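Visitor: I would be grateful for a guided reading of the model shown here, proceeding element by element.

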Amino acid sequence: MKILVTGGAGQLGHALGAIETHHKIIALDRTEFDLCDANIMSRVLDSVCPDIVINTAAWTDVDGAETHPKQAEEINFYGTKNLSQLCNKNRIGLVHISTDYVFDGASSKIWREDDTPIPQTLYGKTKLSGEQAISQTHPNHAIIRTSWVFGPHGRNFLKTMLRLAKTNTAISVVNDQIGCPTYAPHLAQALILIAEKLLDGKECGVLHLSGSTNTSWAGFAEEIFKQSAKLGGPSAAINPIPTSQFPTPAKRPANSVLDCSLAKSRFGICLPDFKTGIEQCLQLLPDLR
Ligand SMILES: NC(=O)c1ccc[n+]([C@@H]2O[C@H](COP(=O)([O-])OP(=O)(O)OC[C@H]3O[C@@H](n4cnc5c(N)ncnc54)[C@H](OP(=O)(O)O)[C@@H]3O)[C@@H](O)[C@H]2O)c1
């Protein structure tokens, strides 16, 4: 199977490009495959002829989307729609990555694929529009919603915490937002399995895939520091604070825990615990430890 990965310079795109597999994976960054340039996308798809495209490319600056809604929409809606139409025209299966932020997170339930999405942020709204554009333009798709992605490559919460702990003895972290941290290389492995299912003609639709345990940002930070300290790396005390003491331009869902049981029952796919992800990630970050 030949897989073209978009957003190759991002956290997840990089993890996909680094996977050891018998499939051929071609991870392209924005300069090589720009979601905002349909002509370039068309030319590259014609020359690479992939069986599957995994679309990790997105506007991911959640707060920045509030002040740059047009740019976020350009990529997350129009770019995704154009890519979907091109994949449909060329009979290429499309695995698209979406987000827990399509939900409002206002209740304590864990979110199923058939729950009604009510995004509270411009980022979430543009990602939901992207999902809908795919559903309307390309039958052969999988839309994978994930959450709280971290890994050794790119910018993320784990790396921010380790950096802050080098110069701070205590760090204030929000403890009333709950979600499932997801290690990018774990998700990347699962996406290859989804790509195989799609190529086999299995109907995938929308699926939730995140790390198998939930926690708060404060709980996530605590585990990062516990494991980092064991390795002799930076660590800090956590000062748990409510969201009200850490206002952000985009309102995060209080509870964005995804129910991932459908991927398990249908395809036997279940991601490991985020603690295992932290362990593996720290091994790859000697400079930060
Ligand atoms: N990070 C999370 O916590 C999280 C949670 C839920 C869902 N997701 C979803 O998971 C996917 C991957 O996220 P990630 O964490 O890997 O994000 P990331 O590290 O920010 O990577 C996104 C990549 O998309 C690229 N990109 C932006 N605009 C583009 C365009 N017009 N054409 C082509 N590429 C473009 C960026 O390129 P530049 O480097 O040039 O900017 C970046 O490399 C996204 O769809 C995101 O919405 C992420």
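Guide: Strands β1 and β2 (residues 24-27) pair in the parallel sense over four bridges. Strands and helices here are DSSP runs numbered from the N terminus, with at least two residues for a strand (E) and at least four for a helix (H or I). Two strands count as paired if DSSP finds at least two bridges between them.

Visitor: What limits apply to this model, and how are residues numbered?
Guide: This is a predicted model, in which local features need pLDDT of at least 70 and side-chain atom pairs count only at pLDDT 80 or more, while totals for chains, interfaces and linings use all residues. Residues are numbered from 1 along each chain as its sequence is written.

Visitor: Which residue of β2 is the bridge partner of I3?
Guide: The register of β1 against β2 can be read from individual positions. K2 faces K24 in β2. For I3, the bridge partner in β2 is I25.

Visitor: What is the handedness of the crossover from β1 to β2?
Guide: Between β1 and β2 the chain passes through helix α1 (residues 11-17), giving a β-α-β crossover. A crossover is called right-handed if, with the strands pointing away from the viewer, the path from the first strand over the helix to the second runs clockwise. The crossover from β1 through α1 to β2 is right-handed.

Visitor: Which residues of β2 point to the buried face?
Guide: A residue is buried if 20 or more other C-beta atoms lie within 10 Å of its own, exposed if 12 or fewer, and partly exposed in between, with C-beta atoms placed from the backbone. Side chains alternate along β2: K24 and I26 point to one face and are not buried. Those pointing to the other face, which are buried, are I25 and A27.

Visitor: How many residues of β1 are buried?
Guide: L4 lies in β1 and is buried because 24 other C-beta atoms lie within 10 Å. Strand β1 (residues 2-6) is mostly covered, and of its five residues the number buried is four.

Visitor: Which residues does L4 touch, leaving aside those up to four places away in sequence?
Guide: Contact means that the C-beta atoms of two residues, placed from the backbone, lie within 7 Å. L4 and D51 are 47 residues apart in sequence, with 8.0 Å between their C-alpha atoms. The residues that L4 touches are I26, L28, V48, P50 and V53.

Visitor: Which residue of β3 stands opposite T6?
Guide: β1 also runs parallel to strand β3 (residues 52-55), to which four bridges join it. Opposite T6 in β3 stands N55.

Visitor: Which strands stand at the edges of the sheet, and why does each have one side without a neighbour?
Guide: The open sheet has six strands in the order β2-β1-β3-β4-β5-β10, with parallel pairing. Each edge strand has a single partner, so one of its sides is left without a neighbour in the sheet. The edge strands are β2 and β10 (205-208).

Visitor: By what angle are neighbouring strands of this sheet turned against each other on average?
Guide: Axes are lines fitted to C-alpha atoms, for helices over the stretch in contact, and angles run from 0 to 180 degrees between N-to-C directions. For neighbouring strands of this sheet the average is taken with direction ignored, and it is 20 degrees.

Visitor: What angle does α5 make with β4?
Guide: Helix α4 lies across β3 and β4, running at about 170 degrees to β3. Helix α5 (residues 122-137) packs on the sheet, where it touches β4 and β5. The direction of α5 makes an angle with that of β4 of about 160 degrees.

Visitor: Is W148, with its positive phi, buried or exposed?
Guide: W148 has a phi of about 45 degrees although it is not a glycine, and it is found in the loop between β5 and β6 (149-150). Because 24 other C-beta atoms lie within 10 Å, W148 is buried.

Visitor: Which element supplies the largest share of the shell around the ligand?
Guide: The ligand is surrounded by 28 residues, the closest being G7, G10, Q11, A57 and A58; a residue is near a molecule if its C-beta atom, placed from the backbone, lies within 6 Å of it. At least two residues of the shell come from each of α1, α4 (69-89) and β4 (93-99). The largest share, three residues, comes from α1.
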